[in-house]
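Open the model in your viewer and keep the sequence panel beside it. The stops below run in order, each with something to select.

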Amino acid sequence: MPILTIESTCDETAAAVISDSGEVLGECVATQEALHERFGGVVPEVAARAHVERILPVIDTALTQAGLTGDQLDAVAVADRPGLAGSLLVGVVAAKTLAVAWHKPLVAVNHLHAHLYACQLSVDFPVYPCIGLVVSGGHTSLYRCQSPLDLEYLGGTIDDAAGEAFDKVGAMLQLGFPGGPAVSRLAVQGDPKAYDYPRSMIREPGYRFSFSGLKTAVRYSIAEPGVRDFSDIDLSEQAKADICASFQAAVVDVLVAKSRRAVDQYDAKYLIVGGGVAANPALRQALQVAADEDGFQLVIAPMKLCTDNAVMGAIALEKMKRDEYAGLDLDITSGLQR
Ligand code: KG4
Ligand code: ZN
């Protein structure tokens with residue numbers, strides 16, 4: 001029987017209905033981008049309130065698409081970690097309520113593991129064991145993955161996530177929110193060598209990342225240190241494109257260098273990459289070049305499954321195979337997770 005999956009960790013309200021063989025029978029994502037745009041970032045309180053408004057219509061849409069009612073489901077799955085507390089709570093409370101009303105078991109999903117599982121959903125061969133890279137608005141982490149559910153954290157960012165840096169650069173250049181897609185579009189017209197931005201920690205052994213120094217370097221190439229208001233910065237379109245291209249090249253260089261090092265160290269056959277920043281065309285291309293040179297196989301989540309969605313919640317099926325169900329005392333775990 002199919003399952004319902006619910007995702008509300010940040011600013012996307014999403015639900016999907018997935019058959020026990022992994023087929024997507026219905027899916028819906030309601031984005032909140034327009035609500036957060038004027039703040040230049042996700043405002044937790046605004047996000048939580050918007051989830052409350054949207055969660056039931058989103059679930060209803062997914063079920064209607066699937067032509068199913070709640071009593072025809074096998075289980076209700078929900079991302080319970082990590083994310084914004086208020087956002088997570090809305091999804092978890094909705095899932096618990098529906099599980100009780102429909103007399104269905106509950107399954108808790110780790111959002112980061114789900115981002116990586118999106119890669120498995122795009123191919124018909126097993127990608128585990130592998131090295132996994134999660135690059136999103138909240139995370140930049142490398143894992144050694146024995147299975148979809150057995151992940152060893154190798155290292156991650158010690159300050160900003162890659163997506164966060166993209167968003168801040170986009171905001172400084174007045175490109176709207178979220179900045180990632182806008183920065184990557186503008187970068188196409190820019191020169192990646194125009195600015196020599198830092199590749200922090202690229203040669204440091206291990207798998208730590210840092211993007212705050214890069215963010216500051218970009219900031220100083222946009223305006224003098226004292227300037228706080230970027231709204232009347234006078235930069236030509238070409239200068240903006242050059243900044244975007246040079247910034248993006250710095251992020252890509254570090255992500256590719258550390259990922260290929262991890263693949264090499266652990267002699268992995270596959271590198272899987274998920275999260276919103278995995279939608280970045282320059283990153284996808286550079287990783288493919290590295291894979292071809294080093295002889296590993298790259299599996300990146302399909303574009304649609306890179307940013308937050310509930311289809312990747314199909315990882316719940318793996319938990320059900322192991323009889324790993326959650327109780328009705330399921331609580332959220334908001335903090336940064338490994
Ligand atoms: O995975 P996601 O939807 O949410 C989190 O779990 O954080 O990732 C959102 C992040 C944002 O920072 C967004 O700017 C970034 O992914 N992003 C991109 C691109 N598309 C989305 N960053 C760079 N290039 C893109 N094309
Ligand atoms: Zn995410």
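**Around the ligand**

Select helix 5 (162-172) and helix 6 (179-187): each supplies at least two residues of the shell around ligand 1. The model is a predicted one.

Next, show the residues around ligand 1, which number 20. Those that come nearest are Gly137, Gly163, Gly180, Gly276 and Asn280. By residue class, the shell around ligand 1 holds eleven polar, six nonpolar and three charged residues.

Now colour by domain. Domain 1 covers 3-115 + 307-321 and domain 2 covers 125-300. Each of these two domains gives at least three residues to the shell around ligand 1.

**From helix 5 to helix 7**

Keep helix 5 selected and add helix 7, residues 212-222. How do the two axes cross? They come within 10 Å of each other and cross at roughly 10°. Helix 5 is therefore roughly parallel to helix 7, as angles under 35 degrees count as such.

Show the side chains at this contact. From helix 5, pick Ala165, Lys168, Val169 and Met172; in helix 7 they meet Leu214, Lys215, Val218, Arg219 and Ile222. The residues of this contact between helix 5 and helix 7 comprise six nonpolar and three charged, with no polar ones.

**The annotated span**

Finally, select residues 23-314, where UniProt, in an unreviewed entry, places the feature "domain: Gcp-like". Helix makes up 44% of residues 23-314 and strand 17%. Mark the end C-alpha atoms of this span: they lie 9 Å apart.

Note on methods. Residues numbered from 1 in each chain as written. Chains lettered and ligands numbered in written order. Predicted model: local features only at pLDDT ≥ 70, side-chain atom pairs only at ≥ 80, totals over all residues. UniProt positions renumbered as here; feature names shortened; annotations may be inferred. Helix = DSSP H or I, 4+ residues; strand = E, 2+ residues; numbered from the N terminus. Near = placed C-beta within 6 Å. Nonpolar A, V, L, I, M, F, W, Y, C, P; charged D, E, K, R; others polar. Domains from an automatic or database assignment. Axes fitted to C-alpha atoms, helices over the stretch in contact; angles between N-to-C directions. Parallel < 35°, antiparallel > 145°, perpendicular 65-115°, else oblique. Contact = placed C-beta atoms within 7 Å.
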